[in-house]
Amino acid sequence: MGYFAARQAQTTLPCPKCGQALLVERSCREAHMLCPHCRQRFDIKPFIARADEALERFLEGLYLDRI
Ligand SMILES: [Zn+2]
């Protein structure tokens with residue numbers, strides 16, 4: 001238990017509602033997008049197709065974590 005991957009990362013993907021940059025956040029096994037402006041969570045699936053570098057790196061960390 002010495003290693004902790006980040007639980008949140010800033011992405012450049014815009015919020016579908018307000019256009020602010022979204023955060024990616026993970027709870028236990030699921031990751032979702034979080035808008036710090038409207039305080040809304042979004043399903044991550046539609047964002048994966050156009051993931052930026054920050055999101056890709058976050059997801060890599062998520063998968064590595066499960067091994
Ligand atoms: Zn928003």
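**Exercise 1. Classify the exposure of Cys38 in this predicted model, and place the residue in its metal site.**

Solution.
Step 1. Cys38 has a relative accessible area of 28%. The partly exposed class lies between the limits of 20% and 50%, so Cys38 is partly exposed.
Step 2. Cys38 offers its SG atom to the zinc ion, as do Cys15, Cys18 and Cys35, at 2.0 to 2.3 Å.
Step 3. Along the sequence, these donor residues follow the spacing C-x2-C-x16-C-x2-C.
Step 4. Cys18 and Cys38 link distant parts of the chain, being 20 residues apart. Cys18 sits in the loop between strand E1 (8–14) and strand E2 (21–26), whereas Cys38 belongs to the loop between E3 and strand E4 (41–43).
Step 5. Cys18 has a relative accessible area of 31% and is likewise partly exposed.

**Exercise 2. Determine the geometry of the zinc site from its donor angles.**

Solution.
Step 1. The four donor atoms of the zinc ion make angles of 105 to 118°.
Step 2. Four donors count as tetrahedral if all angles lie between 85 and 135 degrees. The site of the zinc ion is therefore tetrahedral.

**Exercise 3. Decide whether Thr11 is buried or exposed, and identify the backbone atoms that its side chain contacts.**

Solution.
Step 1. Thr11 is part of strand E1.
Step 2. Its relative accessibility is 3%. Since buried means under 20%, Thr11 is buried.
Step 3. A polar atom of the Thr11 side chain lies 3.2 Å from the backbone nitrogen of Leu13.
Step 4. The Thr11 side chain also reaches the backbone oxygen of Leu22, at 2.7 Å.

**Exercise 4. Describe the lining of the largest pocket by position, secondary structure and residue class.**

Solution.
Step 1. The volume of the largest pocket is about 170 Å³. It is lined by 12 residues, of which Arg29, Glu30, Ala31, Ile44 and Ile48 are the closest to its centre.
Step 2. At least two lining residues come from each of strand E3 (31–34), helix H1 (45–48) and helix H2 (53–66). H2 gives the most, with four residues.
Step 3. By class, the lining comprises six nonpolar, five charged and one polar residue.

**Exercise 5. Locate Phe58, and compare its separation from Glu25 in sequence and in space.**

Solution.
Step 1. Phe58 lies in helix H2.
Step 2. With a relative accessible area of 7%, Phe58 is buried.
Step 3. Phe58 and Glu25 are 33 residues apart in sequence, and their C-alpha atoms are 8.9 Å apart in space.

Terms used
Residues are numbered from 1 along each chain as its sequence is written. This is a predicted model: local features need pLDDT of at least 70, side-chain atom pairs count only at pLDDT 80 or more; totals for chains, interfaces and linings use all residues. Side-chain values use heavy atoms; hydrogens and water are left out. On a 1 Å grid over the protein atoms alone, a cavity is a set of points where a 1.4 Å probe fits but cannot get out, and a pocket is an open set with protein on both sides within 12 Å along at least five of seven lines; lining residues have an atom within 4 Å of a point. Grid points are joined across faces, edges and corners, and a volume is the space filled by probe spheres set on the points. Ala, Val, Leu, Ile, Met, Phe, Trp, Tyr, Cys and Pro count as nonpolar, Asp, Glu, Lys and Arg as charged, and the others, Gly among them, as polar. Donors are N, O and S atoms within 2.8 Å of the metal (3.2 Å for Na, K and Ca); water is not among the atoms, so sites may look incomplete. Four donors count as tetrahedral if all angles lie between 85 and 135 degrees; four count as square planar and six as octahedral if opposite donors are over 155 degrees apart and all others between 65 and 115; anything else is irregular. Buried means under 20% relative accessible area, exposed over 50%, partly exposed in between (1.4 Å probe, protein chains only). A polar contact is a pair of N or O atoms within 3.5 Å; within protein, one must be able to donate a hydrogen and the other to accept it, and residues adjacent in sequence count only if both atoms are side-chain atoms.
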